[in-house]
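Please work through the following exercises with the sequence and the coordinates open beside you, and try each task before you read its solution.

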Amino acid sequence: MALLAEGPHRGCPRAPSPGDRRSAAPARGRSRLPMPALALLMAVLLTGCAATTGSTAGKSSPTAAAPAAVAPTAAAPSAAGAPGDAEAGHEAPGTGTPGVESTTQGRTDAGAYPDTPAPLGGLGPRTLALIPESTRQAVVVTGRSRDANRSEAVLYRRTASGWEAGMAWPAHNALNGWTDDHLAGDLRSPVGVFTLSDAGGLLPDPGTLLPYDESPGFSIGGTGFMGEPLDGSFDYVVAIDYNRVPGTSPLDQTRPLGADRGGGIWLHVDHDGPTQGCVSLEERHMRQLLLALDPERHPVIVIGDAGSLSR
């Protein structure tokens, strides 16, 4: 019973004494306002609420607060590719230059290029121009900086309404970062747009649509730059078509540009450290990527540091 009595009003009620009634009467009299004053107070309160819902400070006119006074065109513009752009006079999604549609899911580098929209992972016009017209899948790997060996990978797919991004995956790249002129032994990953044609690995094919070469040639041992074990790094591999012949196993040693330009640049399983030139993803993400890539969508990989890719 004590619990029932607890709350804002505590204790048991008692009958008011005559003195109580006399002292309460003036208070009730003070609480009554004349009707004109009450109407004025309500008007002030309503005007104040309107001022906190979008009107400019100091402008409290009733017309500024009335919903009917807000024209439809005063609403914030919808994101590119959203329904309604065509009706507003904008180009319909998917009808512009392939590869340049905006996406609200794309990765951006806030503050770096504030006046430039960020289509397809923040890629600039020069980089976008390298993506083939037929491409419907693009793995965009963006390095943190020119000399950094950590990056982020996102698999995009092109639809009728533009590029759509999948999940972002953490990645490693070469120890010394990125380069526009890759050479054997420079410990940098090449910047550019490259096709993805072939896969393989030490483990059996997980079900990829890419040609897959299961081979003991993908065995590897030893330790990486951070002393981490390299075992299992090539359990799953996707060859990046840099200085290689597409349509062959990732193990193929043919180097069309010459051996001095390096080769064997792969997507492979991450060993928790930087690579010699490849891009590495966690094993579960490599499996997801292998299952997603479709040669009929002409997949490419776009790799480089954020500054280079924004050109």
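Buried means under 20% relative accessible area, exposed means over 50%, and partly exposed covers what lies in between. The model used here is a predicted one.

**Exercise 1. The chain as a whole**

Task: Determine how many helices and strands the protein chain has, and what percentage of its residues count as buried.

Solution: The secondary structure comes to seven helices and 11 strands. Of the 311 residues of the protein chain, 35% count as buried. Turning to the surface, the chain exposes about 17,600 Å², and carbon and sulfur atoms supply 58% of that area. As for contacts with a separation of 6 or more, 61% of them are accounted for by residues 24 or more positions apart.

**Exercise 2. A residue in strand β5**

Task: Decide whether Ser189 is buried or exposed, and find which residues Ser189 touches beyond four places in sequence.

Solution: Begin by locating Ser189, which is found in strand β5, residues 189-190. Its relative accessible area is 0%, so Ser189 is buried, the cut-off being under 20%. Next, list the residues that Ser189 touches when those up to four places away in sequence are not counted: Asn173, Ala174, Gly177, Trp178, Thr179, Gly277 and Cys278. Finally, look at Ala174 in this list, since the side chain of Ser189 reaches the backbone nitrogen of Ala174 at 3.0 Å.

**Exercise 3. The nonpolar cores**

Task: Identify which residues of the largest nonpolar core touch the most other members, and trace the contacts of Leu267.

Solution: In soluble globular proteins, nonpolar side chains tend to be buried together. Here the largest nonpolar core has 42 residues, of which Val238, Leu267 and Ile301 touch the most other members. With neighbours within four places in sequence left aside, Leu267 is in contact with Leu196, Tyr236, Val237, Val238, Ile240, Val279, Leu281, Met286, Leu289 and Ile301. Another core, of six residues, lies apart from the largest one, and its members include Phe234, Val237, Ala239 and Trp266.

**Exercise 4. One face of a helix**

Task: State which residues of helix α6 are buried, and explain why these residues line one face of the helix.

Solution: Helix α6 spans residues 283-292, and His285, Met286, Leu289 and Leu290 are buried in it. Seen down the axis of α6, the buried residues fall within an arc of 140°, and they therefore line one face of the helix. Two of the residues in this group, Met286 and Leu289, also appear among the contacts of Leu267.

The contacts of Ala199 lead back to the helix as well, for they include Leu290. Ala199 has its place in strand β6 and, at 2% relative accessibility, counts as buried. Leaving aside neighbours within four places in sequence, Ala199 is also in contact with Leu210, Pro211, Tyr212, Asp213, Val237, Val238 and Pro250. For Ala199 and Pro211, which are 12 residues apart in sequence, the C-alpha to C-alpha distance is 5.9 Å.

**Exercise 5. Aromatic pairs**

Task: Find how many aromatic pairs there are, and classify the pair of Phe194 and Tyr242.

Solution: A pair of aromatic rings is described by the distance of the centres and the angle of the planes. The count comes to three aromatic pairs. Phe194 and Tyr242 form one that is edge-to-face, with 5.8 Å from centre to centre and 85° between the planes. This pair links distant parts of the chain, 48 residues apart, with Phe194 in strand β6 and Tyr242 in the loop between β8 and β9. Both rings belong to residues that count as buried, Phe194 at 13% relative accessibility and Tyr242 at 7%.

The rings of Phe218 and Trp266 have centres 5.7 Å apart and planes at 55°, so this pair is tilted. Because Phe218 lies in the loop between β7 and β8 and Trp266 in strand β9, the pair ties together parts that are 48 residues apart in sequence. Phe218 and Trp266 are buried, and ring pairs link them with Phe234 into a cluster.

**Exercise 6. Positive phi**

Task: Compare the surroundings of Asn243 and His298, asking of each whether the residue is buried or exposed, or in between.

Solution: Most residues other than glycine have a negative phi. Phi of Asn243 is near 50°, a positive value, and phi of His298 is near 50° too. Asn243 is found in the loop between β8 and β9 and is buried, with a relative accessible area of 5%. His298, by contrast, lies in the loop between α6 and β11 and is partly exposed, with a relative accessible area of 41%.

How values were computed
Residues are numbered from 1 along each chain as its sequence is written. This is a predicted model: local features need pLDDT of at least 70, side-chain atom pairs count only at pLDDT 80 or more; totals for chains, interfaces and linings use all residues. Side-chain values use heavy atoms; hydrogens and water are left out. A nonpolar core is a set of buried Ala, Val, Leu, Ile, Met, Phe, Trp, Tyr and Cys residues joined through side-chain atoms within 4.5 Å. Buried means under 20% relative accessible area, exposed over 50%, partly exposed in between (1.4 Å probe, protein chains only). Contact means heavy atoms within 4.5 Å. Helices (H or I, at least four residues) and strands (E, at least two) are DSSP runs, numbered from the N terminus. The arc is that of the directions from the helix axis to the C-beta atoms. A polar contact is a pair of N or O atoms within 3.5 Å; within protein, one must be able to donate a hydrogen and the other to accept it, and residues adjacent in sequence count only if both atoms are side-chain atoms. Rings of Phe, Tyr and Trp (its six-membered ring) pair if their centres lie within 6.5 Å; planes under 30 degrees apart count as stacked, over 60 as edge-to-face and the rest as tilted. Accessible areas come from the Shrake-Rupley method with a 1.4 Å probe; for residues, only the protein chains shown count as cover.
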